[in-house]
Amino acid sequence: MSEAGTADPTRRNRIHEVWDRRILAERTLADDQVAALADLAGRVRALTDAVVHTRVPADEIAAVSAEVAALTDRLSAVRGEAPPIGSHDGTGRALASPVSGPLNPIAPPVDIEPLPGGGARAAFTLGGVYEGPPTFVHGGVSAMILDQLLGVAAAANGTPGMTATLDLRYRRPTPYGVRLTAEARVARVEGRKTWVDASIAAPDGRTTVEATAMFVMPAR
Ligand SMILES: CCCCCCCCCCCCCCCC(=O)SCCNC(=O)CCNC(=O)[C@H](O)C(C)(C)COP(=O)(O)OP(=O)(O)OC[C@H]1O[C@@H](n2cnc3c(N)ncnc32)[C@H](O)[C@@H]1OP(=O)(O)O
């Protein structure tokens, strides 16, 4: 990478292009790997759900634990330096996003649909894995989902950016185990800044959480 500091901008750009291609190649999976990993991620999600809900005896938990450790060793036999990137559905979503990535077992996952003209919507059901107060969704999980939804709306507006501020108003507890809906809409754009509003609604249509975020397109 030391060559990247060269004074010749054309040469520097070429070096960056080669470097970007190398990173992209290292982080791109074959289609059959994507399909197999999506299946595996679903099973690990189910495993996580089983872990937080199980009541089997301690010796059975220890036996399962040993098997999981062996499986982790098998997967780790060949490791990438970072999670995969890329799109398999044309929306540009990151395959391993912790919110909507089908290959990431910690993602619920939330299927977010970008809407033309600066919007986004999602429908999803969260399980007990995401519990905060008893029988309700953890507020940090709601925040994470809203941040991603707001970000996709900003991107759908053609004004993507990094989250600079995220303001949340928890109106009432968000239940889990039921279908939730969420929507985001760009409110305004000023230079590199984009403000977006969003909310999550319970099945009865009542808003549980409202959010406003400001995204800033980085100067560099
Ligand atoms: C068809 C569509 C398909 C879509 C397909 C999906 C696409 C894919 C979507 C992915 C959606 C992911 C959604 C999650 C997104 C994250 O999770 S991002 C991670 C969390 N955020 C961060 O880590 C950001 C960390 N902060 C930074 O990197 C930098 O501070 C920023 C925010 C980029 C700004 O840096 P900068 O470009 O150097 O900005 P700077 O020149 O200092 O300031 C610019 C202006 O913004 C203001 N500003 C900057 N930061 C702040 C702040 N924190 N508070 C208030 N004002 C601020 C400044 O005051 C300044 O204002 P003016 O003086 O111009 O009025």
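This is a short tour of the structure, one selection at a time.

**Before you start**

The model is predicted: local features need pLDDT of at least 70, side-chain atom pairs count only at pLDDT 80 or more, and totals for chains, interfaces and linings use all residues. Residues are numbered from 1 along each chain as its sequence is written.

**The whole protein**

Begin with everything shown as a cartoon. You will find 4 helices and 6 strands, where helices (H or I, at least four residues) and strands (E, at least two) are DSSP runs numbered from the N terminus. Going from the N terminus, the order of elements is α-α-α-β-β-α-β-β-β-β. The C-alpha trace spans about 65 × 45 × 25 Å along its principal axes. Of the 220 residues, 22% are buried; a residue is buried if 20 or more other C-beta atoms lie within 10 Å of its own, exposed if 12 or fewer, and partly exposed in between, with C-beta atoms placed from the backbone.

**Two domains**

Next, color residues 1-94 as domain 1 and 111-216 as domain 2; these bounds come from an automatic or database domain assignment. Where the two meet, 5 residues of domain 1 are in contact with 4 residues of domain 2, contact being C-beta atoms, placed from the backbone, within 7 Å.

**Helices 2 and 3**

Select helix 2, residues 31-53, and pick out Asp32 in it. Asp32 is exposed, with 8 other C-beta atoms within 10 Å. Try drawing a distance from Asp32 to Ala187: their C-alpha atoms are 40 Å apart, with the two positions 155 residues apart in sequence numbering.

Now move to helix 3, residues 58-75. Its 18 residues should span 26 Å at 1.5 Å a residue, and the end C-alpha atoms are 26 Å apart, which agrees; the expected span is 1.5 Å times one less than the number of residues. The number of buried residues in helix 3 is 0, so this helix lies largely in the open.

**Two loops**

Follow the chain into the loop between helix 3 and strand 1, where Pro109 sits. Pro108 and Pro109 are joined by a cis peptide bond, with omega about -10°.

Then select Thr135, in the loop between strand 2 (119-125) and helix 4 (139-156). Thr135 has a positive phi, near 75°, although it is a residue other than glycine. Thr135 is exposed, with 11 other C-beta atoms within 10 Å.

**The sheet**

Now show the strands alone. The 6 strands make an open sheet with antiparallel pairing, in the order 1-2-4-5-6-3; two strands pair if DSSP finds at least two bridges between them. At the edges are strand 1 (111-115) and strand 3, each pairing on one side only.

Walk across the sheet from strand 4 (residues 179-190), which is joined to strand 5 by 9 bridges in the antiparallel sense. Val189 stands opposite Thr194 in strand 5. From strand 5 (residues 193-201), another antiparallel pairing leads to strand 6 through 9 bridges. Here Ala198 faces its partner Ala211 in strand 6. Look also at the hairpin of strands 5 and 6, with 5 residues between the strands: its Gly205 takes a positive phi near 90°.

Finish at strand 3 (residues 162-170), which pairs with strand 6 (residues 207-216) over 8 antiparallel bridges. On this side, Asp167 stands opposite Thr212 in strand 6.
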